[in-house]
Amino acid sequence: MPHRCALLTALLALLLQSSCTVNAEVAVGSPFPSLSLTDETGKTVTFDPETSLDSFPGRSVLLWWYPKADTPGCTKEGNAFKDLNQAYSVKNVAIVGASADSIAENKQFSEKFGFNYPLLCDTARA
């Protein structure tokens, strides 16, 4: 398991360095900025631990960003997180996926593979 986490962390770092435009610099170890996005069901999900609006009060969140719904790599990763969701949940960690895909695309992706965690739609690439 530690190797898988290290691999995912390294992969995420490479993806961020090579393919993303960063709107604001976030220092390593800093709190996640407040953010509200819509999930695949149309529900607003908010990350804001400083207020009562937070969708995951008292829980840690494993936020999984993926480039495109229903592509081979994203499907493999999504299924791995689906399989790990119960183990993380026991440790009070919520798994949440996010991409720039639309609500319809993420809903179809989630339903096709039976994902047991929300998929957020960052269509504005916040």
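A salt bridge is a side-chain nitrogen of Lys or Arg within 4 Å of a carboxyl oxygen of Asp or Glu. The structure described here is a predicted model, and Glu-105 forms such a bridge with Lys-68, the closest N and O atoms being 3.0 Å apart. Glu-105 belongs to helix H3, whereas Lys-68 sits in the loop between S3 and H2, so this pair ties together parts of the chain that are 37 residues apart in sequence.

## Salt bridges

A search of the whole structure finds 3 salt bridges. Besides the pair already described, the side chains of Lys-68 and Asp-101 meet at 3.0 Å, N to O. This second contact also links distant parts of the chain, for Asp-101 is located in the loop between S4 and helix H3 (103-113), 33 residues apart from Lys-68. Lys-68, Asp-101 and Glu-105 are thereby linked in a network of salt bridges.

The remaining bridge to be described is formed by Lys-112 and Asp-70, whose side chains meet at 3.0 Å, N to O. Lys-112 lies in helix H3 and Asp-70 in the loop between S3 and H2, and the two are 42 residues apart.

The table gives the relative accessibility of the residues that take part.

| Residue | Relative accessibility | Class |
|---|---|---|
| Lys-68 | 36% | partly exposed |
| Asp-101 | 2% | buried |
| Glu-105 | 34% | partly exposed |
| Lys-112 | 54% | exposed |
| Asp-70 | 33% | partly exposed |

Why does Asp-101 count as buried? Buried means under 20% relative accessible area, and Asp-101 counts as buried because its relative accessibility is 2%. Lys-112 counts as exposed because its value is 54%, the limit for this class being over 50%.

## Nonpolar cores

The largest nonpolar core has 14 residues. Those with the most contacts inside this core are Leu-62, Trp-64, Tyr-66, Phe-109, Tyr-117 and Leu-119. Three elements give two or more residues to the core: strand S3 (60-65), helix H2 (72-90) and strand S4 (93-99). Which element gives the most to this core? That element is H2, with 4 residues.

Tyr-117 illustrates the surroundings of one core residue. Leaving aside its neighbours within four places in sequence, Tyr-117 is in contact with several residues, including Glu-40, Trp-64, Phe-81, Asn-85 and Ile-95. Gly-78, Lys-82, Val-96 and Gly-97 are also among its contacts. Apart from the largest core lies another core, of 10 residues, among them Val-45, Val-96, Ala-98 and Leu-120.

## Aromatic residues

The count of aromatic pairs in the model comes to 9. In one of these, the rings of Tyr-66 and Phe-109 have their centres 5.7 Å apart and their planes at 55°, so the pair is tilted. Tyr-66 lies in the loop between S3 and H2 and Phe-109 in helix H3, so the pair ties together parts that are 43 residues apart in sequence. Both Tyr-66 and Phe-109 are buried.

Phe-109 also forms an aromatic pair with Phe-115, with 4.9 Å from centre to centre and 85° between the planes. This pair is edge-to-face. Phe-109 is buried, with a relative accessible area of 1%, and Phe-115 is likewise buried, with a relative accessible area of 8%. Trp-64, Tyr-66, Phe-81, Phe-109, Phe-113, Phe-115 and Tyr-117 form one aromatic cluster. Among the members of this cluster, Trp-64, Tyr-66, Phe-109 and Tyr-117 are also named with the most contacts inside the largest core.

## Strand pairing

Strand S1 (residues 35-39) and strand S2 (residues 44-47) run antiparallel and are joined by 4 bridges. Within this pairing, Leu-37 stands opposite Val-45 in S2. Val-45 is also a member of the core of 10 residues. S1 and S2 form a hairpin with 4 residues between them. In the turn, Gly-42 has a positive phi of about 95°.

What is the sense in which S1 and strand S5 pair? S1 and strand S5 (residues 119-121) pair in the antiparallel sense, over 2 bridges. Here Thr-38 stands opposite Cys-121 in S5. In a regular strand the side chains alternate between the two faces of the sheet.

Terms used. Residues numbered from 1 in each chain as written. Predicted model: local features only at pLDDT ≥ 70, side-chain atom pairs only at ≥ 80, totals over all residues. Heavy atoms only, no water. Core = buried A, V, L, I, M, F, W, Y, C linked by side-chain atoms within 4.5 Å. Buried < 20%, exposed > 50% of the residue type's maximum accessible area, 1.4 Å probe, protein only. Contact = heavy atoms within 4.5 Å. Pairing = 2+ DSSP bridges. Phe/Tyr/Trp six-rings, centres within 6.5 Å; stacked < 30°, edge-to-face > 60°.
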